[in-house]
Amino acid sequence: MGTHFQHKTITDPVHGSIGLSKLEAEVASSRTFQRLHNVRQLGLAHLVFPGAGYSRFSHSIGACHNAGQILKAISRNSGEKISKSKIVAYRLAGLLHDIGHYPFSHATEHVIENYYAKTLLAIDGQSDANQQSAIPNDLPPSFDHENLGEQILKHDGELRSIFERHGFEINTLEDIFSKGTPDPLIGIISSDLDCDRLDYLRRTAHFSGAPYGSVDIKYIIEQATVDDTGQYCFLQKAMRAADHLLVSRYYDYMQVPFNKTVAAVEWSLVSCINKLLKIGKLDCSAQNMICQIQSGDWYNFDDQNVFEKLRELVGELSTSTLEEDIVIRDHARAILNRRPAKMIAAWEEIKKKGESSLPLQLFEKAKKAVAAKFGISPDRFYVWKAPLQLSKIAGETDHDHLDDVQKATAVKILATGKLEAELLISRRDALLSQLSNFDYSGRRVYYLPESDGDSGPEKAELYDAFVEEVCHQPSGR
């Protein structure tokens, strides 16, 4: 398993020396993979944490390395010989798991999904005759990054020729990425302790300077194994470290992706991308994405491409007197000039899974009332929400009724002397058995001031007005 993956060596600040096979090195040199140099892993977080601008490229190399190290540990700890073909497939799956990411990653993906879902409703409802040309019956309105990655594997001629030259069957990857019947080792690629999470937590901690993801990744990987049913799991002595990592992931999210200023600039990004879609400067429909992959235009669709469109947008809207255009122009300037919206109020809580949070309708109603009170466009206010769970499955859940995918992707611990692994969250001596029953729920209110001039209400005035509106409405709880 060792020498086969030493055709090329990459020096990585997180994992040290990473060996790549000839096949992996050629894939990494392909245009679709090189594109990932220009797609940031953390969206606009570098505007708050200047060092946190690392790319999907470096992360994907790390995920490939982790997949290989996990398979080595499984073979060593279980005594099971893992075939070369399986090693090749899982390392490639780790390498290619993010090739379908849009510019700025998840923030862009979500606005695209919402935009085309609404467009499809408009088509179904016959509300816009101009959009009837639409979408082939066998395509969704848009792709998430996983489905777009599958389309790249199908339609990218350069990648397919690399696989053919090395005699690699591409359907092996398609089977790994499929949501159908899961392979017992699928947790290496998709789980709460997969090769992806085992890279980005350490990488984010390293580059952002926020130390919450600085956990003992190497030790956890060294304890990877399989039980007598072939399920991916970890030896019992990894349990504390696994608990630590999952709790660290929570704090990492709170400190970096959920940082109040990161959330503010991402609201501006989402608003601008929605405008670009609306005016036709971006076309991210499923049909057009396939066309871009086939033509090679996809290779240029990266963060810088969107920044260029934002600069064009500012210029085009500079003379507009429409309130909607003025707000969008201010959103674009908030990103380009780092003038983020201000957080004026926040309600955050840790609650038991299933318990209701303060309803969004309450905040949306308050937003309209405060906007009317100060004579401000409601589009300058934003109600942010973000649920966050430490585990997808609650410790109190009836685990006997989990489906195959839930069982395959949950973190499992193989107790000493046992033949079959058990869920980490089902062990009463695991911290996650209790913490997994709780979620974080956040509600924040942001205000985007006008970029020209200093007019507008003070933050304290807006805060008092929002608190009064929220506290005097029935909560619905």
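Me: How many bridges join strand 7 (residues 388-389) to strand 10?

Reply: This is a predicted model, in which local features need pLDDT of at least 70, side-chain atom pairs count only at pLDDT 80 or more, and totals for chains, interfaces and linings use all residues. Residues are numbered from 1 along each chain as its sequence is written, while side-chain values use heavy atoms and leave out hydrogens and water. Helices (H or I, at least four residues) and strands (E, at least two) are DSSP runs numbered from the N terminus, and two strands pair if DSSP finds at least two bridges between them. Strand 7 and strand 10 run antiparallel, and the number of bridges that join them is 2.

Me: Which residue in strand 10 stands opposite L388?

Reply: Strand 7, residues 388-389, is joined to strand 10 in the antiparallel sense. Within strand 10, the residue opposite L388 is Y440.

Me: Over how many bridges do strand 5 (residues 342-352) and strand 10 pair?

Reply: Strand 5 and strand 10 are antiparallel. One of the matched positions is A346, whose bridge partner in strand 10 is R444. The count of bridges for strand 5 and strand 10 is 10.

Me: What is the bridge partner of Y382 in strand 10?

Reply: Strand 6 runs antiparallel to strand 10, and 5 bridges join them. For Y382, the bridge partner in strand 10 is Y446.

Me: How many of the 10 residues of strand 10 are buried?

Reply: A residue is buried under 20% relative accessible area, exposed over 50% and partly exposed in between (1.4 Å probe, protein chains only). Strand 10 is mostly covered. Of its 10 residues, the number buried is 9.

Me: Which strands stand at the edges, each with a single partner strand?

Reply: An open sheet of mixed pairing is formed by 4 strands in the order 3-4-8-9. Each edge strand has a single partner, so one of its sides lacks a neighbour in the sheet. The edge strands are strand 3 (224-226) and strand 9 (422-423).

Me: What is the bridge partner of I413 in strand 9?

Reply: Strand 8 (residues 412-414) and strand 9 run antiparallel and are joined by 2 bridges. The partner of I413 in strand 9 is E422.

Me: How many salt bridges does a search of the whole structure find?

Reply: A salt bridge is counted where a side-chain nitrogen of Lys or Arg lies within 4 Å of a carboxyl oxygen of Asp or Glu. Over the whole structure, the search gives a total of 23.

Me: How many residues apart are E316 and K281?

Reply: E316 and K281 form a salt bridge, with their closest N and O atoms 3.0 Å apart. The pair links distant parts of the chain, with E316 in helix 14 (residues 303-317) and K281 in the loop between helix 12 and helix 13 (286-295). E316 is partly exposed at 45% relative accessibility, and K281 is partly exposed at 26%. Their separation in residues is 35.

Me: Where does R380 lie?

Reply: R380 and E323 meet through their side chains in a salt bridge (3.7 Å, N to O). Because E323 is in helix 15 (residues 323-336) and R380 in a loop, the pair ties together parts that are 57 residues apart in sequence. R380 is buried, with a relative accessible area of 1%, whereas E323 is partly exposed at 38%. R380 lies in the loop between helix 16 (360-374) and strand 6 (381-385).

Me: Are D330 and R380 buried or exposed?

Reply: The side chains of D330 and R380 meet in a salt bridge of 2.7 Å, N to O. This pair links helix 15, which holds D330, to the loop of R380, 50 residues apart. Both D330 and R380 are buried.

Me: Which residues gather in a patch of negative charge on the surface?

Reply: Patches are made of residues with over 30% relative accessible area and no salt bridge, like charges being joined within 9 Å and nonpolar side chains (Val, Leu, Ile, Met, Phe, Trp, Tyr) within 5 Å. One member, E458, lies in the loop between strand 10 (438-447) and helix 19 (459-471). E458 is exposed, with a relative accessible area of 54%. The residues of the negative patch are E458, E461, D464 and E468.

Notes
Areas by Shrake-Rupley, 256 points an atom, 1.4 Å probe, with all protein chains shown as cover. Lys, Arg positive; Asp, Glu negative; His and termini not counted. Charge placed at Lys NZ, Arg CZ, Asp CG, Glu CD.
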